[in-house]
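User: I keep meeting words like "buried" and "antiparallel", and I'd like to see how they get pinned on a real model. Can we go through one together?

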Amino acid sequence: MQQIASEPVVTQPIEERLELVRFKVDKRPHIRVNTEACRGCDLTPCVYVCPAGLFEILGGEMHFSYEHCLECGTCYVACERKAIEWDYPRGGWGVSFRAS
Amino acid sequence: MHAQQQFDVIVVGAGPAGSSAALVLARAGLRVALIERGEYPGAKNVSGAVFYAPGLLAELLPTFWDEAPFERYITRRVLTFLGKESAFSLDFRTRHFAIPPYNGVTVLRPKFDRWLASKAAEAGALLITSTVVDDLLYEGERVIGVQCRRDDGALYAPVVIAADGANSFLAKKAGLQREFSAEEMSLGVKEVLRLGARTIEERFNLTGDEGMASEYVGEATGSVKGGAFLYTNRDTLSLGIIVQIASLAQQRVRPYELLDRFKQHPAVAPLVRDGVTLEYSAHMIPEGGWQLVPRLVRAGLLVAGDAAALVFAAGIFLEGMNFAVASGLAAAETVLEAHRHGDFSTTTLTGYQKRLEQSFVLQDLQRFRLTPAFVNNERLQNLYPELLCQAAEQVFRSEGRPRKKLGSTILTALRSKVSLWTLLRDGWQAGRALFF
């Protein structure tokens, strides 16, 4: 038992996980971010809470993608600056869970 | 207005709340539109998923037990306090839960929700999939229909049931629900692992269609507030973590990393060994309890299921689908009454609120209203599970030395990290939250 516990946790890259999920990607993004409002945000909750890892800060700028969004809504609830405008994708588009 | 765009009632969302409501309303002969944004009902839906009190639906559908795509009936309930390298479990099983109407069954939502919606459609509801409802339509203060995101997308009915899920956009647009705070909402992330029926039965001591619902607190989610679950389906396991969004953001941990940590915990790893991940999913859960439940009606509108935050997340209870079904049924009864009187005013529709107050839906939420805050107690989350494991370890440890009596062993272990006063205070709060 102790041997297993002392081994560091192996994290599966989120990209591998998302490969198991069926997406029908709409050309129109359903997430809009006011990246101006992100400047100087230290906490960046969206980066941590998004279960698809869609948000990241690169060179001080917020970058995000909507294509593999699991449509939970956690990002806009977590964002204290209300910088995320989040809506459902068009009907029939976006994620389709099959096995869950 | 085209005749085909006029209905007696419009139900938004073909989850358990919406489809249950649509089923009853269509059976009563009403023209029902059941609108779903997914390609099929269940496409956007995620639960643990144990459907407790499935008898609620079996009463409506005589063929339920032959037809409903449920996975296993739950005869074994486990609650585990996880320490860093230890685990302390309460393990209960009974054959009394093995008889229809079962106490709880595991389901896979894409399959189950699709089936339930098909029952509503068979009863005569018009199921419209791949269609997002963007807003409500009003005449003065009264809701008179919905605006779908498509050409010619206005649909009309004297009453609308918003069962549009956890994000609750329609309830917010109607001014019934407020914006959520990150303290009262949780995120669930989940994996479905294929193990095979035989392995599941052997590994979890189950026979035939018996199933297990197992929940974890403590090290399950590291220092993030929340817990973990592991449920048995026929051939697969559903396993995941549920965490408070505010805590996740504060601790700066990614939810899928927590999921990996949980799967690799020494008490969990042997249970999921050789499991092949079939799917990864996520969903937001309105876990805030009583204080998160919005005003449930206004003229021409009722809110049901997750959209009304009718989720019972109270420590050892994690229930949602039964609350959704019961609220959908209560909404349907109220709509039928409103149609009989031709009156869709707030006053008439308030009958829905009264029905819920008389049922377990609002009674449980109110009675256990202190529990969500208690469950998020810092010590309950991060300290007591580890201390409990340490105390157990001291009790069971044999070192070839004289033993103390158990009370002294346990108290020494507990008091190393927490004062007796704090222990008593938390014990009192546990009592207030769950026991009396």
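Below, each label is checked against its cut-off.

Analyst: Sure. Keep in mind that this is a predicted model.

User: How do you know how far to trust chain A?

Analyst: Look at pLDDT, the predictor's confidence on a scale from 0 to 100. Chain A averages 91, and 93% of the residues score at least 70. The start is another story: over residues 1–5 of chain A, pLDDT stays under 50. Where pLDDT is low, the predicted coordinates shouldn't be read in detail. The model does have eight contacts beyond four places in sequence for residues 1–5 of chain A, but I'd take those with a pinch of salt.

User: What is chain A built from?

Analyst: Five helices and six strands. Starting at the N terminus, they go α-α-β-β-α-α-β-β-α-β-β.

User: Why is chain A called more spread out than a compact globule?

Analyst: Its radius of gyration is 16 Å, while the globule rule gives 13 Å for 100 residues; the value is well over the rule, so the label fits. The C-alpha atoms of chain A fill a box of roughly 45 × 35 × 20 Å along the principal axes. Buried residues make up 39% of the chain's 100 residues.

User: What makes residues of chain A and chain B count as touching?

Analyst: Two residues are in contact if their C-beta atoms lie within 7 Å. By that test, 36 residues of chain A are in contact with 47 residues of chain B. Helices H1, H2, H4 and H5 and strand E6 of chain A each give two or more residues to that side. By class, this side of chain A has 22 nonpolar, 10 polar and four charged residues.

User: Why is helix H8 of chain B called largely enclosed?

Analyst: A residue is buried if 20 or more other C-beta atoms lie within 10 Å of its own. Seven of the nine residues in H8(B), residues 255–263, are buried, so the rest of the structure largely encloses this helix. Among them are Tyr256(B), Leu259(B) and Phe262(B), along with Arg261(B) and Lys263(B).

User: How do you know that E9 and E10 of chain B pair?

Analyst: Pairing takes at least two bridges. E9(B) and E10(B) have three, in the antiparallel sense, so they pass the test. One bridge links Val146(B) to Leu155(B) in E10(B).

User: And what makes E8 and E10 of chain B edge strands?

Analyst: The sheet is open, with the order E8-E9-E10. E8(B) and E10(B) each have a single partner strand, so one side of each lacks a neighbour in the sheet. Neighbouring strands are turned by 35 degrees against each other on average, direction ignored.

Terms used:
Residues are numbered from 1 along each chain as its sequence is written. Chains are lettered from A and ligands numbered from 1 in the order in which they are written. This is a predicted model: local features need pLDDT of at least 70, side-chain atom pairs count only at pLDDT 80 or more; totals for chains, interfaces and linings use all residues. Helices (H or I, at least four residues) and strands (E, at least two) are DSSP runs, numbered from the N terminus. Ala, Val, Leu, Ile, Met, Phe, Trp, Tyr, Cys and Pro count as nonpolar, Asp, Glu, Lys and Arg as charged, and the others, Gly among them, as polar. A residue is buried if 20 or more other C-beta atoms lie within 10 Å of its own, exposed if 12 or fewer, and partly exposed in between; C-beta atoms are placed from the backbone. The radius of gyration is taken over C-alpha atoms; the globule rule is 2.2 Å times the number of residues to the power 0.38. Axes are lines fitted to C-alpha atoms, for helices over the stretch in contact, and angles run from 0 to 180 degrees between N-to-C directions.
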